[in-house]
Amino acid sequence: MRAVLVFPAAPLPFGDTAARWFHLLACDLLARGHSVSCLTVTDEPLARVDEARERLAAVTRRGHGHLRFQAFPLRPAVHPLRRKLRNLCRPFSELAYAPGFRDALVRELDRGYDVLHLEQLWSGWAGLGVPRALLNIHHLEIIDLEGARGGTLYEQKARWQMARATARLLRDTTTMRLFSPRLLDRVRTFNDRARCFVVPFALDLGLYPLQPVVDEPVVGLLGSMHWPPSRSAAERLLTRIWPLVKAQVPRARLVVAGWNARRYLERFASLPDVAIEENLRSPADFFARAAVLAYAPGRGSGMKIKVMESMAFGVPVVTTAEGVEGMEVVSGEHALVAEDDATIAAHVCGLLQDRGARLRVRAAARALLEGRYTAAPVMARMMDVYDGVARGT
């Protein structure tokens, strides 16, 4: 099989959150002996792009598959008026117009292909009207920002443009892969004729060694704070849940970390026993210090990768139903799931004070990932999707 993959970030195991999936997908296809043409459009540093290229090339050097890897800068130098007109017609379509990308995509398709695999919703602009195109949707901003009102004129315009672009892409895309049934339900409100497949996210657990059990009462939250669901979960934890935890476990400490954490959460850094961190060396560095992950988003679509990574590293999770979207989690077994602040705080305190409970939850969560959310089961389903797309069935 020959797959053309379009990525909006370098496919790295610990890069952009979605890039973990990009890396697993490309590596698995190569390991299966397929031909992979990877077109990456990103403004990430050249060193990260080169690292991604080398990691994939290493798979081919072991005698697996065939790789073509090309990278393109995201933002072209075009006249501001032209950019405004383009964004008016096709909002969030920067990837499709990246310098050199369109010509490279046409060349790759002309060489012959079985599947054009486009990652993330906005990449869909590059696949409209292309046969055998598969758009992978990780989450939908129209769900994440549902209920948002007001804000600056720029923010209101961005929400309007986002709604327009989402409606157009979902209406005009013929084949989609979604991470959760919730996403499928929303897509169907725009397009009930498209072929849609629900296949979950997968992790390479070889990159996630179980961390030693932490016995200090340290609660953690990790996420990209520029993403509203992560930021809302952090603010809820800091302002509403954390005081309840401290009242029951006075020795407890809280570490909130992730991209842009200080930019958005610096005002909480003076709270007793609270640390706000960013620019972590690695996810393992964070999870090696946490006894419990407390992640309670009010709204946020798609599978929550930080929840999955916490389970993979062996850190028990307390979250909401939003936090385990797309996962077959049984509350009390694989994680503790609740909606109100008091119950979430009680679950956190219970785990902090019961080492046996932490051990049981971490073992069950890791087993769940191994059975359902690793490359073997997920990529077997993806290959079935690919076969159907290639045949046009």
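**Exercise 1. Identify the residues nearest the centre of the largest cavity, and characterise its lining.**

Solution. Val 213, Val 214, Ala 291, Gly 314 and Pro 316 lie nearest the centre of the largest cavity, whose lining comprises 13 residues. The structure under study is a predicted model.

Step 1. The volume of the largest cavity is about 70 Å³.

Step 2. By residue class, the lining of the largest cavity consists of 9 nonpolar, 2 polar and 2 charged residues.

**Exercise 2. State how many cavities of 30 Å³ or more the structure holds, and describe the second largest cavity.**

Solution. Step 1. The search over the whole structure yields 2 cavities of 30 Å³ or more.

Step 2. The second largest cavity encloses about 50 Å³.

Step 3. Its lining is formed by Pro 13, Arg 20, His 23, Leu 24, Ala 202, Leu 203, Asp 204, Leu 207 and Tyr 208.

Step 4. These lining residues separate into 6 nonpolar, 1 polar and 2 charged.

**Exercise 3. Describe the division of the chain into domains, and relate the second largest pocket to that division.**

Solution. Step 1. The assignment gives domain 1 (2-203 + 374-391) and domain 2 (205-372). The contact involves 21 residues from domain 1 and 25 residues from domain 2.

Step 2. Taken over C-alpha atoms, the centres of domain 1 and domain 2 are separated by 28 Å.

Step 3. The second largest pocket holds about 350 Å³ of space. It is lined by 17 residues, and Phe 14, Arg 20, Trp 259, Leu 280 and Pro 283 are the closest to its centre.

Step 4. Domain 1 and domain 2 each supply at least three residues to the lining of this pocket.

Step 5. The lining of the second largest pocket contains 5 nonpolar, 7 polar and 5 charged residues.

**Exercise 4. Determine whether Arg 20 is buried or exposed, and list its surroundings.**

Solution. Step 1. Arg 20 belongs to helix 1.

Step 2. The relative accessibility of Arg 20 is 8%, so the residue counts as buried, the criterion being a value under 20%.

Step 3. The side chain of Arg 20 reaches the backbone oxygen of Asp 16 at 3.2 Å.

Step 4. With neighbours within four places in sequence set aside, the contacts of Arg 20 are Leu 12, Pro 13, Phe 14, Gly 15, Phe 201, Tyr 208, Pro 283, Ile 305, Lys 306 and Glu 309.

Step 5. Arg 20 also appears in the lining of the second largest cavity and among the residues closest to the centre of the second largest pocket.

**Exercise 5. Locate Leu 25 in the secondary structure, and find how far it lies from Met 379 in sequence and in space.**

Solution. Step 1. Leu 25 is part of helix 1 (residues 19-31).

Step 2. Its relative accessible area is 0%, and therefore Leu 25 is buried.

Step 3. Leu 25 and Met 379 stand 354 residues apart in sequence, whereas their C-alpha atoms are 7.6 Å apart in space.

Step 4. Beyond neighbours within four places in sequence, Leu 25 is in contact with Leu 5, Phe 7, His 117, Glu 119, Met 379 and Tyr 386.

**Exercise 6. Establish which side chain makes a polar contact with the side chain of Ser 37.**

Solution. Step 1. Ser 37 is placed in strand 2 (residues 35-41).

Step 2. Ser 37 has a relative accessible area of 1% and is therefore buried.

Step 3. The polar contact joins the side chain of Ser 37 to the side chain of Glu 108 at 2.8 Å.

Step 4. Apart from neighbours within four places in sequence, Ser 37 is in contact with Arg 2, Ala 3, Val 4, Leu 5, Arg 68 and Glu 108.

Conventions:
Residues are numbered from 1 along each chain as its sequence is written. This is a predicted model: local features need pLDDT of at least 70, side-chain atom pairs count only at pLDDT 80 or more; totals for chains, interfaces and linings use all residues. Side-chain values use heavy atoms; hydrogens and water are left out. On a 1 Å grid over the protein atoms alone, a cavity is a set of points where a 1.4 Å probe fits but cannot get out, and a pocket is an open set with protein on both sides within 12 Å along at least five of seven lines; lining residues have an atom within 4 Å of a point. Grid points are joined across faces, edges and corners, and a volume is the space filled by probe spheres set on the points. Ala, Val, Leu, Ile, Met, Phe, Trp, Tyr, Cys and Pro count as nonpolar, Asp, Glu, Lys and Arg as charged, and the others, Gly among them, as polar. Domain bounds come from an automatic or database domain assignment. Helices (H or I, at least four residues) and strands (E, at least two) are DSSP runs, numbered from the N terminus. Buried means under 20% relative accessible area, exposed over 50%, partly exposed in between (1.4 Å probe, protein chains only). A polar contact is a pair of N or O atoms within 3.5 Å; within protein, one must be able to donate a hydrogen and the other to accept it, and residues adjacent in sequence count only if both atoms are side-chain atoms. Contact means heavy atoms within 4.5 Å.
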